[in-house]
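Student: I've got a model open on my screen and I'd like to talk it through. Can you take my questions one at a time?

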Amino acid sequence: MSRFELPLTVEVLRWLAGGQLAERLERAVRLWVLLDCLYGEEGWRDLPETFGYTHIRDRLLSPRHPKQDLAQGIPSPCPDVDCICWKPLRFWLKDPNLLAALKAEVPDLEALLSAQPFHKTHRTLRKELDYLAAQGWLQQIQANSRRRDNFRCRAPGDRPQLPVSSSALTLSGHQLEQIYHILSDVAFVHPDVQVLLDEIWENHQHSQRRLFVWFEYILSDEQQERVDEYQSQLEALWANPEAGVIGFDYATRQHGIRRILTYPVCLFYARRAKYLAAFGQLPTPEGSLGWHNFRLDRIQSERLAVIPWDAPSIPPELATRKRQRKLPSPEEVQAAWEEAWGSDFYLPKALLILRFSPEFARRYVESTVRHPTFQPIAYERIPALVQQAVADVQERQQILNILRQRPASDRYFRAWVRVGDTNFTMRLRDWRPNGEVIAPLAYREQMAREAQAELQFYRPDLKLS
């Protein structure tokens, strides 16, 4: 008897497509081919017992097929015309009876037959293994090996069985297009979203693409894969309320590689990178306890180590919070973000006063939403606000002196900001030289130092006082 008992029929393709065969025919065939290679009688007999995407890639694609993609969402051209990536759907959908049955469910079948289901990015093909594992076709194990070599084939009795009938929810083509445009803006949030977007788009090639979204998330494929793996581990950790403390090696700018023990609270994205907001040891030589944001791509460990709550290395304050059921929460982080502008929510806050020319403010500032505390303020109201919000007498007087030398006809804005926040500093740099920081003095002096240093690149002959 054949090891693979899943014939290529309309019923099987409809099942693999989740009940949306008209929209997902290309993916259904791709999944069927993968399953045939994994379990079929003529499939991969030499596949290791535990395998990952690299094992699948080297058997599925030609040796001449590029190992890297051109860019996120764009597959590299393959020079080998005999590679499976060149094969169209009609290569597998040859049976006249099958084609006749498909025509009744897939209106654009003739056009789709030219589609190449394996002309996809490595990222898309890699995610199909996760999908097959989620559907029960593969066993996903927790392994310490690199490149996520943590899949195993399932025994015949453990594989999914074709249901007698299906009542899967179906969406119209227009609804799928709406979902595509909505999710495009948040594709970086979860590694599976881009795969979903690619699938939606490939099912609507009859319409011309009009929306293109580019993110400043410039990691290599290997870095992206590692960051996505950390995110998957954290999500699995959060699913278990009793497991919470993690350990990892972290690369810092000032202190080199530090071993961190911390309680992970939530993930967020800010200007080019994903961060973990956590409460635990700080990445300093002292290793004191507190809040900190960790960039996921700066974690050096292959996997995040899960530390049991009864381990002696758990900081006493964290253990006490656990017993009292007062562990740090995402709500605390969100409240701190709303209190002051800056992703480093644990830094001290200070009053921000910005000045712009009327024309620049009208075009680029007044109509934008930056932070709940970021609001325009009349020139004559600023002194009273500074008197109230700036505690240091010397700094307060210096700010007021600067303000007296500025025209009342300009546009002024106020906010509460985190002093020393890297991402907010980058926002100030984006506004330079059109915006002036009047307060706090720490940011004002930093912008002055940077502007002077930058000027030396272009006017080294200019002597600065």
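What follows is a chat about this predicted model, going from the whole chain down to single residues.

Student: Let's start broad: how many helices and strands does the protein chain have?
Tutor: Keep in mind that we're looking at a predicted model. Of the 465 residues in the protein chain, 46% are buried. As for secondary structure, the chain has 16 helices and 11 strands.

Student: What share of the contacts with a separation of 6 or more comes from residues 24 or more positions apart?
Tutor: Here we set aside pairs with a separation below 6 and look at the contacts that remain. Among those, residues 24 or more positions apart account for 65%.

Student: And how much of the exposed area do carbon and sulfur atoms supply?
Tutor: The protein chain exposes about 25,000 Å². The share of that area supplied by carbon and sulfur atoms is 51%.

Student: Now helix H16: how far apart are its end C-alpha atoms, and what should it span?
Tutor: H16 covers residues 441–458, which is 18 residues. The expected span takes 1.5 Å times one less than the number of residues. That gives an expected 26 Å for H16, and the distance between its end C-alpha atoms agrees with this, at 26 Å.

Student: Which residues of H16 are buried, and what covers them?
Tutor: The cover includes helix H14 (393–404), strand S10 (411–418), helix H15 (422–431) and strand S11 (435–439). The buried residues of H16 are Leu441, Tyr443, Gln446, Met447 and Glu450.

Student: How are H15 and H16 oriented: parallel, antiparallel, perpendicular or oblique?
Tutor: Two packed helices are described by the angle between their axes and the distance between the axes. The axes of H15 and H16 come within 11 Å and cross at roughly 55 degrees. That angle makes H15 oblique to H16.

Student: Is that crossing left-handed or right-handed, and which residues meet there?
Tutor: On the H15 side you'll find Phe424, Thr425, Leu428 and Arg429, and they meet Tyr443, Gln446, Met447 and Glu450 in H16. The crossing of H15 and H16 is right-handed.

Student: What about H13 and H14: parallel or antiparallel?
Tutor: Ile382, Pro383, Val386 and Gln387 in H13 meet Arg396, Ile399, Leu400 and Leu403 in H14. The axes of H13 and H14 are 10 Å apart, at an angle of about 170 degrees. Angles over 145 degrees count as roughly antiparallel. So H13 is, relative to H14, roughly antiparallel.

Student: Is Gln397 buried, partly exposed or exposed?
Tutor: Gln397 lies in helix H14, and its C-alpha atom is 9.9 Å from that of Pro383, 14 residues away along the chain. Buried means under 20% relative accessible area and exposed means over 50%. Gln397 has 38% relative accessibility, so it counts as partly exposed.

Student: Over to Asn423: which residues is it in contact with, beyond its neighbours within four places in sequence?
Tutor: Asn423 lies in helix H15 and is buried because its relative accessibility is 10%. Its C-alpha atom and that of Arg271 are separated by 6.9 Å, although the two are 152 residues apart along the chain. Leaving those sequence neighbours aside, Asn423 is in contact with Ala270, Arg271, Tyr275 and Ser343.

Student: Which residues does Leu21 touch, again not counting those up to four places away?
Tutor: Leu21 sits in helix H2 (residues 21–39), and at 2% relative accessibility it counts as buried. With those sequence neighbours left out, Leu21 touches Val10, Leu13, Arg14, Leu102, Glu105 and Val106.

Student: Where are the cis peptide bonds at Pro433 and Pro440?
Tutor: Most peptide bonds are trans. Pro433 lies in the loop between H15 and S11, while Pro440 is in the loop between S11 and H16. The cis bonds run from Arg432 to Pro433, with omega near 5 degrees, and from Ala439 to Pro440, with omega near 0 degrees.

Student: Last one: what is the phi of Arg325?
Tutor: Most residues other than glycine have a negative phi. Arg325 is in the loop between helix H10 (316–323) and helix H11 (330–339), and at 80% relative accessibility it counts as exposed. Although Arg325 is not a glycine, its phi is positive, at about 55 degrees.

Notes: Residues numbered from 1 in each chain as written. Predicted model: local features only at pLDDT ≥ 70, side-chain atom pairs only at ≥ 80, totals over all residues. Heavy atoms only, no water. Helix = DSSP H or I, 4+ residues; strand = E, 2+ residues; numbered from the N terminus. Buried < 20%, exposed > 50% of the residue type's maximum accessible area, 1.4 Å probe, protein only. Contact = heavy atoms within 4.5 Å. Areas by Shrake-Rupley, 256 points an atom, 1.4 Å probe, with all protein chains shown as cover. Axes fitted to C-alpha atoms, helices over the stretch in contact; angles between N-to-C directions. Parallel < 35°, antiparallel > 145°, perpendicular 65-115°, else oblique. Left-handed = near helix turned anticlockwise from the far one by under 90°.
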